[in-house]
Amino acid sequence: PVIILTILYMYLLSLKQQIFTDPATGLNNKHKMTDHIDKVLQNPDPEKRLFFVQIGVDYYEKIRKKFGKKKALLVIEKVAWFLRSQCHGQNALLARYSADKFAIICEKETLSELEFLCNEIIRNSETGEFQSVIPWKISLNVYWSEYGTEKTQTVDDWLNGVYDNCIKPATETPES
């Protein structure tokens, strides 16, 4: 029985890793993101630079605690739809990275193109549809990292070094 349970567990784990869609948002998940990163790194475009952008919902845990799990999930769903519209036509992969964070993997020719994308997300988030879900103002924080610099020679360094470069940090705590 132990061997059968172990095999079943391994099978279920492998099935879980083959699912590439986040069920709550319909976006790509971590597994699809890592698969995409592997493909991009195997065939890099020498004319473009590879960027990782992390977008987080500020004070997600406080929103969840004050308004409940359903409202917090609705906020995440609305932010996901907003980010999907912002990434449309950008030739970028958008994924839900964790409970309250999203990732954009994109190739851009210059840093100014990336900054433009991030600034558009920040500017448009002020009036996004997700702002009407709860009475608090929902803000997003945006961090980025470039692959292949002195500090980011490996994928782990690239993903972990995202907090070295900030477009918009987390905002002040919302009123309770």
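Is Leu12 buried, partly exposed or exposed, and what is its relative accessible area? In this predicted model, Leu12 is partly exposed, with a relative accessible area of 48%, and the legends below take up that residue, the chain as a whole, a loop residue and several salt bridges.

**View 1. A nonpolar patch on the surface that includes Leu12.** Leu12 belongs to helix 1, which covers residues 2-18. Together with Leu5, Leu8, Tyr11 and Leu15, Leu12 forms a nonpolar surface patch whose members have about 490 Å² of accessible area together. Leu12 can be counted in such a patch because its relative accessible area is 48%, and patch members are required to have over 30%.

**View 2. The whole chain, with its 6 helices and 5 strands.** Read along the sequence, these elements follow the pattern α-α-β-α-α-β-β-α-β-α-β, and the C-alpha trace spans about 55 × 45 × 30 Å along its principal axes. Of the 176 residues in the chain, 39% are buried. The chain exposes about 10,600 Å², of which carbon and sulfur atoms supply 54%. When contacts between residues at least 6 apart in sequence are considered, 68% of them join residues at least 24 apart. The chain carries 22 positive and 23 negative charges, and the mean positions of these two sets are 11 Å apart.

**View 3. Val133 in the loop between helix 5 and strand 4.** The loop that holds Val133 runs between helix 5 (111-125) and strand 4 (140-146). Although Val133 lies in a loop, Val133 counts as buried, at 11% relative accessibility. Once the neighbours within four places in sequence are left aside, the residues in contact with Val133 are Lys71, Leu74, Val75 and Lys78. Ala72 is 61 residues from Val133 in sequence, while the C-alpha atoms of the two residues are 9.0 Å apart in space.

**View 4. The salt bridge of Lys39 and Asp35 within helix 2.** Lys39 forms a salt bridge with Asp35, and the closest N and O atoms of the pair are 3.5 Å apart. Because the two residues are 4 apart in helix 2 (residues 30-42), Lys39 and Asp35 are separated by about one helical turn. Lys39 counts as partly exposed at 49% relative accessibility, and Asp35 also counts as partly exposed, at 24%.

**View 5. The salt bridge of Arg49 and Glu146, which links distant parts of the chain.** The side chains of Arg49 and Glu146 meet in a salt bridge with an N to O distance of 2.7 Å. Arg49 lies in strand 1 (residues 49-57) and Glu146 in strand 4, so that the pair, 97 residues apart, links distant parts of the chain. The two partners fall into separate accessibility classes: Arg49 is partly exposed, with a relative accessible area of 29%, whereas Glu146 is buried, with a relative accessible area of 13%.

**View 6. The salt bridge of Lys101 and Asp100.** The side chains of Lys101 and Asp100 meet in a salt bridge with an N to O distance of 3.5 Å. Asp100 is buried, with a relative accessible area of 18%, a value that falls under the 20% limit for buried residues. A search of the whole structure finds 7 salt bridges, among them the pair of Lys101 and Asp100 shown here.

How values were computed
Residues are numbered from 1 along each chain as its sequence is written. This is a predicted model: local features need pLDDT of at least 70, side-chain atom pairs count only at pLDDT 80 or more; totals for chains, interfaces and linings use all residues. Side-chain values use heavy atoms; hydrogens and water are left out. Patches are made of residues with over 30% relative accessible area and no salt bridge: like charges are joined within 9 Å, nonpolar side chains (Val, Leu, Ile, Met, Phe, Trp, Tyr) within 5 Å. Accessible areas come from the Shrake-Rupley method with a 1.4 Å probe; for residues, only the protein chains shown count as cover. A salt bridge is a side-chain nitrogen of Lys or Arg within 4 Å of a carboxyl oxygen of Asp or Glu. Buried means under 20% relative accessible area, exposed over 50%, partly exposed in between (1.4 Å probe, protein chains only). Contact means heavy atoms within 4.5 Å. Lys and Arg count as positive and Asp and Glu as negative; His and the chain ends are not counted. The place of a charge is taken as NZ of Lys, CZ of Arg, CG of Asp or CD of Glu.
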